[in-house]
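Let's walk through this structure together, one piece at a time. Have the sequence and the 3D view ready as you read.

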Amino acid sequence: MPPPGAGSPGVERAIVAACWAAVALSLALQAAGVARRNVHPDEFIFLANVHSWVRGEPMRLFQTAYVHLFAWLPGLEGDELAQVRAGRGILLAAWVASLALLHRLALHATDRVGAAAAVAIAALLGESLVHAASFRVDGLMAPVFLGACLAATAPGRRRLALSGALAGALVALSLKGTLLLPVIAGLVLLSLEGRRDRGPLALAAAAAFGFTLGGTLLLHAALLPSGPLPSGAPATEGEFLRNAASRMLLGGDALPNQATFLRSLLADLPAWACATVGVVAALRGLRQEGGWRRGWLVVLVAMPALLFLVYRNLWAYAFVSLLPTVWIAAGAGWVLALRSRARGARLAAWAAPAWLLLFAIPVARGLAEDGTRLQKQTLDVVHSLFPTPVPYVARVGMVASFPRPLFNLTGFGLETYRDRGVPELSRYVEAHQPPLLLMDSPTLAVFGDPSEAGGGLRPALLPEDAALLRYTFAHLWGPVYLAGRRWARLAAGEAHAFAIHVGGPFTLLASAGVTVDGAEVSPGGTVDLGVGPHLLVSGVAQADVALLWGRSLQVPAQAPAPGPLYAER
């Protein structure tokens, strides 16, 4: 490592100022994204768990401890979108705290120029610009992880106990926090090197970890309501942990998430190149006098990059929680390149910020349009149709204020569902009688054209579930489907036998009246239908006839905004 202050002091002061200006720019973009960025399905899952907790519904012990921090959200005025935005504001503040902690930690590995560069790199990454303020657990994990690392750099008993306690809180927040424990443990051991009392101090850190993790989970378990978990969810915590471990980790594949890695390698090439330089220089410096401790610190903070080799779910959003310390090595490497005697290295160092800013332009341009328009319209339509909450079918809990005791149709949930081979959707419809379906995933596109659905994974449903959905729901507006049936091009006197799987009041949407089970129904009229077989006859030819769940039902006049409901990132 070069000695602190190497180079022109005036130039280095300007570089530090430019780094903090870049951080401010990134935070401004994220602040704009709080209101305008399309809400990811995971953010609605996060909010739905909070609502489920407030309603007193049973939920899983692991991955849900955060609900107590956001129990105030359902009490806010406005719909689910407004609540997600409020949550995003909290996560943006958590990201600011994360960057401050990252800077303090980086000062243990490099000088003030390298530390400022590390923070700027972390803030300018496209993954950070898009996801750092997302309403996810990752944004909460980041400051806890960085706080644990920073506390571990001091050998005092209180600091190491604090590090252990924060590590316990990290795992309580999310099981993927266990992937970061080697970094924290390594920093603890590094700080204890050469101390005679390292045994008791390490024990204090371990005890604080166990006490915090165990205490948090025990308290959370005591507060959780008892009862059956959502339909299709793993029946026990042990089954959930086994499924998570087998599906999220390597499982025999090298680079299990190659797509994310390759995209990051292209978009974040300067950051990865600088991190490589920083690690190589740190390894070389281990043999130099005074470079041993700092070198190992750089190596330890860069270790999470190895998760690409084993962790299947290292998607772009996980960069915020799992990789923040890697950019400390990048900051150290950037300073080395900047101060190098090789002209090419210096030119590359000056080109790196331009590269990162170039890839930040599409993120900024994406905020020119409100990415939540269709989501806002959909929530408005649903709440106008159902002033009182009803159960519903959807990929995730987008309408978080409504009960949805069904597993999430995410990659993990669908793989578990397919492996079990149980028609959980059919059981859910039969037991809970949901009158609403949101077409928010190609997985649910069982009605014909899959382009009506949002983006995402598309594993097929079990045949019996796909058939039940097809004959239970019919299209009303945009992504909104209601229980009922729709017929096209009915001839005069044509009769159709059909089955109702969700009973209730049904409105006739047609140009002329029909008879249902022998009773005449006028356009806009309502007929009560129970679960079971029925018969519809149209007295005249009609191009489109629908019987949809609800009284005095009307198709919303406003056309749905273009684009998918979820702009997957």
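Start at Leu-547, which touches a long list of residues, including Trp-487, Phe-498, Phe-506, Val-516 and Leu-529; touching here means heavy atoms within 4.5 Å, and residues up to four places away in sequence are not counted. Leu-547 belongs to the largest nonpolar core, which has 179 residues, and it is listed with Trp-327, Trp-334 and Leu-461 as touching the most other members. A nonpolar core is a set of buried Ala, Val, Leu, Ile, Met, Phe, Trp, Tyr and Cys residues joined through side-chain atoms within 4.5 Å; buried means under 20% relative accessible area (1.4 Å probe, protein chains only). Apart from the largest core lies another, of six residues, among them Leu-129 and Ala-360.

A word on the source: this is a predicted model, where local features need pLDDT of at least 70, side-chain atom pairs count only at pLDDT 80 or more, and totals for chains, interfaces and linings use all residues. Residues are numbered from 1 along each chain as its sequence is written, and side-chain values use heavy atoms, leaving out hydrogens and water.

Now find helix α20, residues 463-470, where Asp-465, Ala-466, Leu-468 and Leu-469 are buried. Helices (H or I, at least four residues) and strands (E, at least two) are DSSP runs, numbered from the N terminus. Why do these residues lie on the same side of α20? Because they cover an arc of only 165° around the axis, judged by the directions from the helix axis to the C-beta atoms. The buried residues of α20 pack against α18, α19, β2 and β3.

Note on methods. Buried < 20%, exposed > 50% of the residue type's maximum accessible area, 1.4 Å probe, protein only.
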